[in-house]
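The exercises below ask you to read a structural model step by step, with the sequence and the coordinates side by side. Try each task before reading its solution.

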Amino acid sequence: MDWDWGHLLTGFNGRINRARYWGGAIAFGVGAVILQFLLMWIVGFRITMIIALLFLYPAYALLVKRGNDRDRPAVIAQAFIGVAALSNIIQAVVGPSVMVDPPLLVSAFNLLLGVFALYILVDYG
């Protein structure tokens, strides 16, 4: 199996099978989490949440290609990435206190994101 990481994480055309989707998602996810922990120590919580928005682009590329393989419209991936982006922005505005005592708005967006992520897991995976 030939892995073109550039196209896998940046291109929006084509299809990817389940194995390539999960391989790319796990590799990218582990790398993103490690990088976010390092960034949090270096630049702080709020800047890390803003930088985390950049990680949504490769996630969107993976979702669109997997959605193409499953004959799902791109609007599903767009909505998921939109909710994730809003969640990150709200957490960046609220600040580190969001981890200890989250406001209702943060909890609502995280609940919506969790339900959406469960749908993506079941339908795309």
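Helices (H or I, at least four residues) and strands (E, at least two) are taken as DSSP runs and numbered from the N terminus. The model is a predicted one, in which local features need a pLDDT of at least 70 and side-chain atom pairs count only at pLDDT 80 or more, while totals for chains, interfaces and linings use all residues. Residues are numbered from 1 along each chain as its sequence is written, and side-chain values use heavy atoms, with hydrogens and water left out.

**Exercise 1. Find where Leu53 sits and what it touches.**

Begin with the position: Leu53 belongs to the loop between helix 3 and helix 4. Next comes accessibility, where buried means under 20% relative accessible area, exposed over 50%, and partly exposed in between (1.4 Å probe, protein chains only). Because its relative accessibility is 25%, Leu53 counts as partly exposed. For the partners, contact means heavy atoms within 4.5 Å. Once neighbours within four places in sequence are left aside, Leu53 is in contact with Ala85, Asn88 and Ile89. As a distance check, Leu53 and Leu86 are 33 residues apart in sequence, and their C-alpha atoms are 9.4 Å apart in space.

**Exercise 2. Describe helix 5, from its length to its surroundings and the residue that follows it.**

The expected span of a helix is 1.5 Å times one less than its number of residues. Helix 5 has 21 residues and reaches 30 Å from its first C-alpha to its last, close to the 30 Å expected. Its buried residues include Ile76, Phe80, Ile81, Val83, Asn88 and Ile90, and the buried residues of helix 5 pack against helix 3 (45-51), helix 4 and helix 6. After helix 5 comes Gly95, whose phi is positive, near 95°.

**Exercise 3. Compare the expected and actual spans of helix 2, then work out how helix 2 is oriented against helix 4.**

For the 26 residues of helix 2 the span should be 38 Å, and the end C-alpha atoms are 36 Å apart, which agrees. The buried residues of helix 2 are Tyr21, Gly24, Phe28, Ala32 and Leu39, and what covers them includes helix 1, helix 3, helix 4 and helix 6.

For the orientation, axes are lines fitted to C-alpha atoms, for helices over the stretch in contact, and angles run from 0 to 180 degrees between N-to-C directions. Helix 2 and helix 4 pack at an angle of about 170°, with their axes 10 Å apart. Angles under 35 degrees count as roughly parallel, over 145 as roughly antiparallel, 65 to 115 as roughly perpendicular and the rest as oblique. Helix 2 and helix 4 are therefore roughly antiparallel to each other. Helix 2 contributes Arg18, Tyr21, Gly24, Ala25 and Phe28 to the contact, and helix 4 contributes Pro58, Ala59, Leu62, Leu63 and Arg66.

**Exercise 4. Classify the aromatic pairs Phe12–Tyr60 and Phe80–Phe116.**

Rings of Phe, Tyr and Trp (its six-membered ring) pair if their centres lie within 6.5 Å; planes under 30 degrees apart count as stacked, over 60 as edge-to-face and the rest as tilted. The structure holds five aromatic pairs. In one of them, Phe12 and Tyr60 are 5.1 Å apart from centre to centre with 55° between the planes, a tilted arrangement. This pair links distant parts of the chain, since Phe12 is in the loop between helix 1 (5-10) and helix 2 (18-43) and Tyr60 is in helix 4 (residues 56-69), 48 residues apart. Phe12 is partly exposed, with a relative accessible area of 31%, whereas Tyr60 is buried at 18%.

The ring centres of Phe80 and Phe116 lie 5.5 Å apart and their planes stand at 75°, so this pair is edge-to-face. It too links distant parts of the chain, with Phe80 in helix 5 (residues 74-94) and Phe116 in helix 6 (residues 104-124), 36 residues apart. Phe80 counts as buried at 15% relative accessibility, and Phe116 counts as buried at 18%.

**Exercise 5. Explain what is notable about the phi of Asp71, and say whether Asp71 is buried or exposed.**

Asp71 lies in the loop between helix 4 and helix 5. Its phi is positive, about 55°, although Asp71 is not a glycine. Because its relative accessibility is 60%, Asp71 counts as exposed.
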